[in-house]
Amino acid sequence: MCTHLLYSVSGKRNLLFIPGPVEVEEEILLASSKPVVNHRGKIFHEIFDDTKRKLKEVLLTKNEVVILTASGTGAVEALAANFAPGRKALVVNSGEFGSRLAETLKVYGAEVVEVAAELGSAPKLEAVVSQMDSVKPDVVAFVYNDTSPGVRLSYARELVKEAKSRGALILVDAVSAVGGDELRIDAWGIDALAGASQKCLAAPPGLSFVVLNDEARENMSKDVKSVYFDLRRYLEYSAKSETPFTPAVTLFYAFNSALERILRFGVEKWISMHVERAAALYRAFAALGLTPFVEEEFRSRTVLSFTTPQSVNAAEFRKALIEKYDIEVAGGLGKLKDRIVRVGVMGRIPMRDIVALVTAVGLEMKERGVEANLPEALAELAKLATYEHL
Ligand SMILES: Cc1ncc(COP(=O)(O)O)c(C=O)c1O
C-alpha cells in the first residue's frame, strides 16, 4: 500500500504552504467519508441545493452557480467553451495562468489579443483601456490573481467597469482568489467567473465552479465544442437539482462542509483573515531577508512570492525546508523556475503552523549566512492570533 494512505489524518505529514491544494480541516475531511448516494435521488438533490446556496452566500453573489466535477482548469475551460467561439477577446496577461487563459480561449475559437507586462507586474490599466479602444473586443478576460508570479490585478474593479462601458463580456479566472481576496462579483459586474474548491475555500481538490449572471447566460455561444463543459446542460439539470454527468458525490459532502465552515467563521472575516495575514507575512519575511518579487501595487494576498538573497539558492532553500522542517513551499513556474519561492497562504491556517513556517524560514536563512531578524518577524504575527479561535 502507498505509505501516504497508511497515515492517519493526524499523523506525521508535511505542512502545506503551496498555492493549493491546502490543508483541509478534519471535520471537512470526515464529511466526505459518508456513504455514497444515488446522484439522481432525493438525498443528493438536497445536498446539491444546499451546496449551491452556501456557495452563493460565500461568494456574496445572487448570480447562478454551476458546480463542476473538475479542477479549476475545467472551470476556466468551461468559460472558454461557452464564450469564446467566434469572438474577439482581449486577455490581460500577468503570468502563466494569463497565458493559459489566452491559450484556452484560442483553442475554443476566439481571436485573442494579449496585453502583457514584465513578470512580477501587471499591465497598466491605461494600457489595457487603450487596447480595448483599438481592438474593440467582444470579451475581456483576466486572471484576478495570477498564482505563478503572485500578481493580483488590483484594478480589477475599474477594469470591469471600463470593459462593461464598452459593451464587452467579462470573463474572470479567480481560482486562487475566491474566498481569499476582495471580490464583488455582482457589484463589479463580472459576467462569468471561474473558481475552485481547493484553494482559499479550503476544501479538497476536485470540484470547481462557474458563476454566471443573466447577461452571460443570454450570451452563451450556440456553437459549444464540448460535451462535458457545455454549461447549458448544467443549467438545465440544475433546475432538477442534479448535474448532467455523475458528480463526485463525496467531494460535494466535503465542499458543503467547507462552505459551512466559512459561513460559521463569517465570510467577511474569512477574507480579511487572508488580507491581514498576507500583509503580516510580507513584513515578517522582509525581516528575514527575503525580497517580495512583485511590485507593491500588485502583490497577491494568497500567494506570496519572494526572491532570495544572492547567497541563497531558491531551490535548495525549499528543499531544506522540506527535509529539515517538513514544510512545503512552492518554487516558480515556467521562466520563474528556481528564481522565486512562493508561499501559499490560503484557508484557515492554525497559528502554530504560521509560527512554524516563519521560524523555519528564519532559521534556514540564518543557516545560510543571512542576517535574519526572527524576533521582529515573529512579532508581526501577534495580530493574527485574533483569528485563531473563530
Ligand atoms: C489562477 C489559476 N487558474 C487556474 C488554475 C488551475 O487550477 P487547477 O490546478 O485546479 O486545475 C490555477 C491553479 O493553480 C490557478 O492558480
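Two strands pair if DSSP finds at least two bridges between them. Helices (H or I, at least four residues) and strands (E, at least two) are DSSP runs, numbered from the N terminus. The model is predicted: local features need pLDDT of at least 70, side-chain atom pairs count only at pLDDT 80 or more, and totals for chains, interfaces and linings use all residues. Residues are numbered from 1 along each chain as its sequence is written, and side-chain values use heavy atoms, without hydrogens and water.

**Exercise 1.** Find how many bridges join β3 to β4, and in which direction the two strands run.

*Solution.* Strands of a sheet pair through backbone hydrogen bonds, either parallel or antiparallel. β3 and β4 run parallel and are joined by six bridges. One partner of this kind is valine 112 in β4, bridged to alanine 89.

**Exercise 2.** Place the strands in their sheet and name the edges.

*Solution.* The open sheet has seven strands in the order β2-β10-β9-β8-β5-β3-β4, and the pairing is mixed. β2 (64-69) and β4 (111-116) are the edge strands, each pairing on one side only.

**Exercise 3.** Sort residues of helix α7 into buried (under 20% relative accessible area) and exposed (over 50%; partly exposed in between; 1.4 Å probe, protein chains only).

*Solution.* In α7 (residues 156-165), Ala156, Leu159, Val160 and Ala163 are buried. Seen down the axis, these residues fall within an arc of 100° (taken from the directions from the helix axis to the C-beta atoms), so they line one face of the helix. Lys161 and Ser165, on the other side, are exposed. Just after α7, glycine 167 takes a positive phi of about 80°.
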